[in-house]
Amino acid sequence: MQFYSFDASYVSNLCAGDPQTQEHFVGYFSELLQLKLRSRLNSPHAIEDVRQETFARVFAVLRKDGLRQPERLGAFVNTVCSHVLSEHYRSSGGSESLDVEGRPELPDKSASALEIVVARQVKDKVREILLDLEPRDRSLLKAVFLDERDRDEVCREFGVERDYLRVLLHRAKQEFKTEYVKRLGNKMPLGAHI
């Protein structure tokens, strides 16, 4: 899934009922809402109800009031979805913790929909770049970083001393980083230390 940057003309077309923009909007946000709702609701019927109600409310607000910050459309849709989800919990009696005062809410430890999509995109890009590297560099990076094999074992497999393994790893990481920056600019994923 590609991330989309929203602007005033997109929101204006959406408010005006442009069919192509509405189709893009529904397709784009359906996938994100599915990810969010699947971890919170058990019933596919309930997921679809919350998704449709979210879209209905978003369209109603956009047509009536517009959106002052069009670039925040994604955050707005997420907030509306959260409100609809809370109402669904209350009406179905499915979650005590949302309404019981004095009881601390448990933190949501699951990844957000955005985090899941970003992680998937980064994983796909890393896989593509690894496939384009020289076979030795690819095998070395996979053995040490992905498979997390013992370095002495990797040294035996590649027939090198431990000091030379460090040199080979450094070169392989540099090749990977060069290719990554070439394809994605200077946007390294958070927490990446290559």
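**Exercise 1. Find how many aromatic pairs the whole structure holds, and see which rings cluster.**

Start with the rule: rings of Phe, Tyr and Trp (its six-membered ring) pair if their centres lie within 6.5 Å. With that, a search of the whole structure turns up eight aromatic pairs. Next, follow the links: ring pairs join F6, Y10, F25, Y28, F29, F55 and F59 into a cluster.

A word on the ground rules: this is a predicted model, where local features need pLDDT of at least 70, side-chain atom pairs count only at pLDDT 80 or more, and totals for chains, interfaces and linings use all residues. Residues are numbered from 1 along each chain as its sequence is written, and side-chain values use heavy atoms, leaving out hydrogens and water.

**Exercise 2. Classify the pairs F6–F29 and F25–F29.**

Planes under 30 degrees apart count as stacked, over 60 as edge-to-face and the rest as tilted. For F6 and F29, the centres are 5.5 Å apart with 20 degrees between the planes, a stacked pair. F6 sits in the segment before helix 1 (8-15) and F29 in helix 2 (residues 19-38), 23 residues apart. Helices here are DSSP runs (H or I, at least four residues), numbered from the N terminus.

Now F25 and F29: their ring centres are 4.9 Å apart and the planes meet at 50 degrees, so this pair is tilted. Because they are four residues apart in helix 2, about one helical turn separates F25 and F29.

**Exercise 3. Decide whether F6, F25 and F29 are buried or exposed.**

Buried means under 20% relative accessible area, exposed over 50%, partly exposed in between (1.4 Å probe, protein chains only). F6 and F29 are both buried, and F25 is buried too. Chain-wide, 29% of the 194 residues count as buried.

Methods:
Helices (H or I, at least four residues) and strands (E, at least two) are DSSP runs, numbered from the N terminus.
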